[in-house]
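Visitor: I'm new to this one and would like a close look at a single part. Could you pick a helix, walk me along it, and then show me what lies around it?

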Amino acid sequence: MNFKKQFIIFLSGWLFFSPEVAAQNISNKPDSLGPFSLRNIDTWAIHSSIIGEDYTLYVLRTAAYDTSNIQLPVLYMTDGDWNMTVAMNCFSMLRQDYTTREPLIVGIGYGKGQNKRTRDLDPHSGGPAFLKFIEKEVMPFINHQYRTNKEKAIYGYSMGGMFTTYILFNRPELFDMVFIGAPGNNGRQLMPAAREYFKQHKDLKSKVFIGVGSFENETASNIDSFTNYLLSRKCTDLKIRKEFTPGANHGAALAQVMQNAVAFGYCERREAVKVDPVIFNQYKGNYTSGQKTVPDIQIFTKNNKLYWKLQTPDFLPSQLIPQSKSEYFMLENERMQFTFKKENNQLKLQIVSDDKTEYLFTRKE
């Protein structure tokens, strides 16, 4: 594939569909193949002697896990009865655009039994016992049945977000990452929990994501106060990210909040930095690779922002986001890297595509 086609595909984000799916015929007659099932999701029944209840564990294995001897980090999820397939699709979509680590995903649910999440996820009632069940019974079971490493994360949404908040400030050492989705009670427990923790602690070691739909105004406001407060503590071992899903309320935001959490925890994301826009002027110009099959590239500025485009009629410009004074990336495809450097008194532009292929361009003087 030539350079031009490669980059157009990167920017347009085409999706390729399996020919097996495309070749399926539509039948006019209903056809039942039995209960819905996925080969790579294991279902386990587990009894908790701590709580005195039966639970169901759903374990999503990756393709790499089944074809190698690797050990995987584990992502534990509350409300596993409905969160598992959402999580599976989040990873499936994200890996198209980002270099993504794949954990073993463990959903903790109730199966055909009575759903008792209002008890188990409430920090003021069954939450402490439920956490003890996860630590003392679920984790040892998973570590015995599967090849796992020491890295652990936990995700919860709504009441599950209240529960993961409780974990963050009561057992921060138990999980490397804590994901708080649309915490219940409008997030009113966030600030009291944080302030109570810092009465006796100076640092908080964790990687924390918190998100909600933008229509949950009170929760969003409490999340703003919460993140600002944590950042004001200047904890050396804390990394926190908040994201609001636009135009969504509690139910509609669930999938996007989870995808944002997964991207934060498991995708290689680049961090933008602020630089003086004057720096961009030194990079403006037309660049050539010297190869006839590779179009020239134009670098230009507009409204104090830096842009690039292939010198072809059908290629739209894209903004370059500074990662440092000389390194840049695109939001549309963070796998690509753009680096400006001087060699033999000539300005060069090195582009590394998402398949790690390197292209070198020289500015025309």
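**A close look at helix α10**

Guide: Let's start with helix α10, which covers residues 254-266: its 13 residues reach 18 Å from the first C-alpha to the last, close to the 18 Å expected at 1.5 Å a residue. Keep in mind that you're looking at a predicted model.

How much of α10 is covered? Most of it, since ten of its 13 residues are buried. Going along the helix, the buried ones are Leu254, Val257, Met258, Asn260, Ala261, Val262, Ala263, Phe264, Gly265 and Tyr266. As a rule, an α-helix has 3.6 residues a turn, so residues three or four places apart point the same way. The cover over the buried residues of α10 includes the strands β3, β5, β6 (177-181), β7 and β8, along with helix α4.

Now pick out Phe179, because several residues of α10 turn up around it. Leaving out neighbours within four places in sequence, Phe179 is in contact with Ala261, Phe264, Gly265 and Tyr266, and also with Leu75, Ala153, Ile154, Tyr155, Gly156, Thr164 and Phe209. Phe179 also stands out in the largest nonpolar core: of the 81 residues there, Phe179, Ile142, Phe175 and Phe226 touch the most other members. In general, nonpolar side chains tend to be buried together in soluble globular proteins.

Phe226 takes us to another helix, as it is one of the buried residues of α9. Helix α9 (residues 217-232) has 16 residues and reaches 23 Å from its first C-alpha to its last, close to the 22 Å expected at 1.5 Å a residue. Besides Phe226, its buried residues are Thr219, Ala220, Asn222, Ile223, Thr227, Tyr229 and Leu230. They pack against two helices, α7 (159-170) and α8 (190-198), and two strands, β7 (206-213) and β8 (238-245). So where have you met β7 and β8 before? Both are among the elements that cover the buried residues of α10. Just after α9, look for Lys234, which takes a positive phi of about 55 degrees.

Back to the cover of α10, which also includes β3 and α4. In the loop between β3 (72-77) and α4 (80-94) sits Asp79, while Arg117 is in helix α5 (residues 117-120). Asp79 and Arg117 form a salt bridge, with their closest N and O atoms 2.7 Å apart. Because of where the two residues lie, the pair ties together parts that are 38 residues apart in sequence. Both partners are buried: Asp79 has a relative accessible area of 5%, and Arg117 has one of 16%.

Follow α4 the other way and you come to Arg101, in the loop between α4 and β4 (104-109). Arg101 forms a salt bridge with Glu151, the closest N and O atoms being 3.1 Å apart. Glu151 belongs to strand β5 (residues 148-157), so this pair ties together parts that are 50 residues apart in sequence. Here both residues are partly exposed, Arg101 at 36% relative accessible area and Glu151 at 22%. The strand that holds Glu151 is also part of the cover over α10.

There's one more charged group to find. Glu53, Lys116, Arg119 and Asp120 are linked in a network of salt bridges. Within it, the side chains of Asp120 and Arg119 meet at 2.8 Å, N to O. Asp120 is buried, at 1% relative accessible area, whereas Arg119 counts as partly exposed at 28%.

A last stop is Thr56, in strand β2 (residues 53-60). Thr56 is buried, with a relative accessible area of 12%. A polar atom of its side chain lies 3.4 Å from the backbone nitrogen of Gly111. Not counting residues up to four places away in sequence, Thr56 touches Gly111 as well as Thr43, Trp44, Gly107, Ile108, Gly109 and Tyr110.

Now step back to the whole protein. It has ten helices and 16 strands, and 20 salt bridges. Of its 365 residues, 48% count as buried. Among contacts with a separation of 6 or more, residues 24 or more positions apart account for 65%.

How values were computed: Residues numbered from 1 in each chain as written. Predicted model: local features only at pLDDT ≥ 70, side-chain atom pairs only at ≥ 80, totals over all residues. Heavy atoms only, no water. Salt bridge = Lys/Arg side-chain N within 4 Å of Asp/Glu carboxyl O. Helix = DSSP H or I, 4+ residues; strand = E, 2+ residues; numbered from the N terminus. Buried < 20%, exposed > 50% of the residue type's maximum accessible area, 1.4 Å probe, protein only. Expected span 1.5 Å × (residues − 1). Contact = heavy atoms within 4.5 Å. Polar contact = N/O pair within 3.5 Å; in protein donor to acceptor, adjacent residues only side chain to side chain. Core = buried A, V, L, I, M, F, W, Y, C linked by side-chain atoms within 4.5 Å.
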